[in-house]
Amino acid sequence: MGKDLNTKIGIMQPYFIPYFGYFQLINAVDKFVIYDNIKYTKKGWINRNRILLNDYEHLITIPLKKDSDYLNIKDRYISIDFEKERIKILNKFSEAYKKAPFYDEVLSLFKEIILFEDKNLFKYLENSIVKINNYLNIKTPILISSEIDNNNEYKLESSQRVVYLCKKLNGNHYINPIGGLDLYSKEDFLKQGIHLSFIKKDDFTYQQFGQKFLNNLSVIDVLMFNGISSAKYLNQYTLF
């Protein structure tokens, strides 16, 4: 390419307390962009995730105000019912992890996330990501897509939009989760002067409650059983 691979970019939708691989990606890049001007999708992980409860996966969900399916994430809001629901989530969370070794300190972190007062969905999710970054001592700058593509470039197709954002940020190496392997072409990116890599979380394990290990739960599960030392897993991934 004629350039060193010295400016790595990651771009993702915001998710509610996402799995640990999300934070590996943030830590692996020089600049991380969170999409806010992208449509909310019902079947994804934007406002829900899984925790470990009585040796099984348990889904916790942030209820949303009913609105148009065509609105972007930044234009969606949390339901007024969440005032009561989040107390139930906290109680369920305590029930799930009260015997975990780092329960007290991670519960404090989770309360800062779940009790955050802003009802805007994007701001609520952004706060949770930033709080977990701080806990894991991840220093990567977090940027917001609508503050970068301010010329309606969000109307571009997915790969074109990624290339646009990378160029706006002077990035020449884009790293995407392994799930996008069939979506993006390394050759197409190289034509634009951008190297494309895919990141895959290694299948590390840790002691949960002595039963069969459940993988890829919310990052909160990793934190509950490893505390600050969870940061040792940030580099346990493979780039393709």
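Helix H7 (residues 219-226) is largely enclosed by the rest of the structure, because eight of its eight residues are buried. The model described here is predicted. An open sheet of six strands is also part of the picture, and helix H1 lies across strands of that sheet.

**Helix H7 and what follows**

- The buried residues of H7 are Val-219, Ile-220, Asp-221, Val-222, Leu-223, Met-224, Phe-225 and Asn-226.
- These buried residues pack against H1, strand E3 (48-53), helix H2 (82-97), helix H3 (103-114) and H4.
- Gly-227 comes just after H7 and has a positive phi of about 60°.

**Ser-230, in the loop after H7**

- Ser-230 sits in the loop that runs between H7 and E8.
- Its relative accessible area is 0%; buried means under 20%, so Ser-230 counts as buried.
- The Ser-230 side chain reaches back to H7 residue Val-222, where the backbone oxygen is 3.4 Å away.
- Setting aside neighbours within four places in sequence, Ser-230 is in contact with Phe-20, Leu-136, Val-222 and Leu-223.

**The sheet**

- The order of the six strands is E5-E2-E1-E6-E7-E8, and their pairing is mixed.
- E5 and strand E8 (237-239) are the edge strands, each pairing on one side only.
- From one strand to the next, the twist averages 30°.
- Strands of a sheet pair through backbone hydrogen bonds, in either a parallel or an antiparallel way.
- E1 and E6 pair in the parallel sense, over two bridges.
- Within this part of the sheet, Ile-9 stands opposite Tyr-174 in E6.

**Helix H1: its place on the sheet and its crossing with H4**

- H1 lies across E1, strand E2 (31-34), E5, E6, strand E7 (195-201) and E8.
- The direction of H1 is at about 140° to E7.
- The axes of H1 (residues 20-28) and helix H4 (residues 121-135) come within 11 Å and cross at roughly 70°.
- This crossing angle makes H1 roughly perpendicular to H4, because angles of 65 to 115 degrees count as roughly perpendicular.
- On the H1 side, the contact is made by Tyr-22, Phe-23 and Ile-26.
- On the H4 side, Ile-129, Ile-132 and Asn-133 take part.
- Sorted by class, the contact of H1 with H4 has five nonpolar residues, one polar residue and no charged residues.

**Thr-140, in the loop after H4**

- Thr-140 is found in the loop between H4 and strand E5 (142-144).
- This residue is buried, with a relative accessible area of 11%.
- The side chain of Thr-140 reaches the backbone oxygen of Ile-26 at 2.7 Å.
- A polar atom of the same side chain, that of Thr-140, lies 3.3 Å from the backbone oxygen of Val-29.
- Apart from neighbours within four places in sequence, Thr-140 is in contact with Ile-26, Asn-27, Val-29, Asp-30, Lys-31 and Phe-32.
- Ile-26 therefore appears both in the contact of H1 with H4 and among the contacts of Thr-140.

**Helix H5**

- In helix H5 (residues 158-168), the buried residues are Arg-161, Val-162, Val-163, Tyr-164, Leu-165 and Cys-166.
- The cover over these buried residues includes strand E1 (8-12), strand E6 (173-177) and helix H6 (186-191).
- Asn-170 follows H5, and its phi is positive, near 55°.

Terms used
Residues are numbered from 1 along each chain as its sequence is written. This is a predicted model: local features need pLDDT of at least 70, side-chain atom pairs count only at pLDDT 80 or more; totals for chains, interfaces and linings use all residues. Side-chain values use heavy atoms; hydrogens and water are left out. Buried means under 20% relative accessible area, exposed over 50%, partly exposed in between (1.4 Å probe, protein chains only). Helices (H or I, at least four residues) and strands (E, at least two) are DSSP runs, numbered from the N terminus. Contact means heavy atoms within 4.5 Å. Axes are lines fitted to C-alpha atoms, for helices over the stretch in contact, and angles run from 0 to 180 degrees between N-to-C directions. Angles under 35 degrees count as roughly parallel, over 145 as roughly antiparallel, 65 to 115 as roughly perpendicular and the rest as oblique. Ala, Val, Leu, Ile, Met, Phe, Trp, Tyr, Cys and Pro count as nonpolar, Asp, Glu, Lys and Arg as charged, and the others, Gly among them, as polar. A polar contact is a pair of N or O atoms within 3.5 Å; within protein, one must be able to donate a hydrogen and the other to accept it, and residues adjacent in sequence count only if both atoms are side-chain atoms. Two strands pair if DSSP finds at least two bridges between them.
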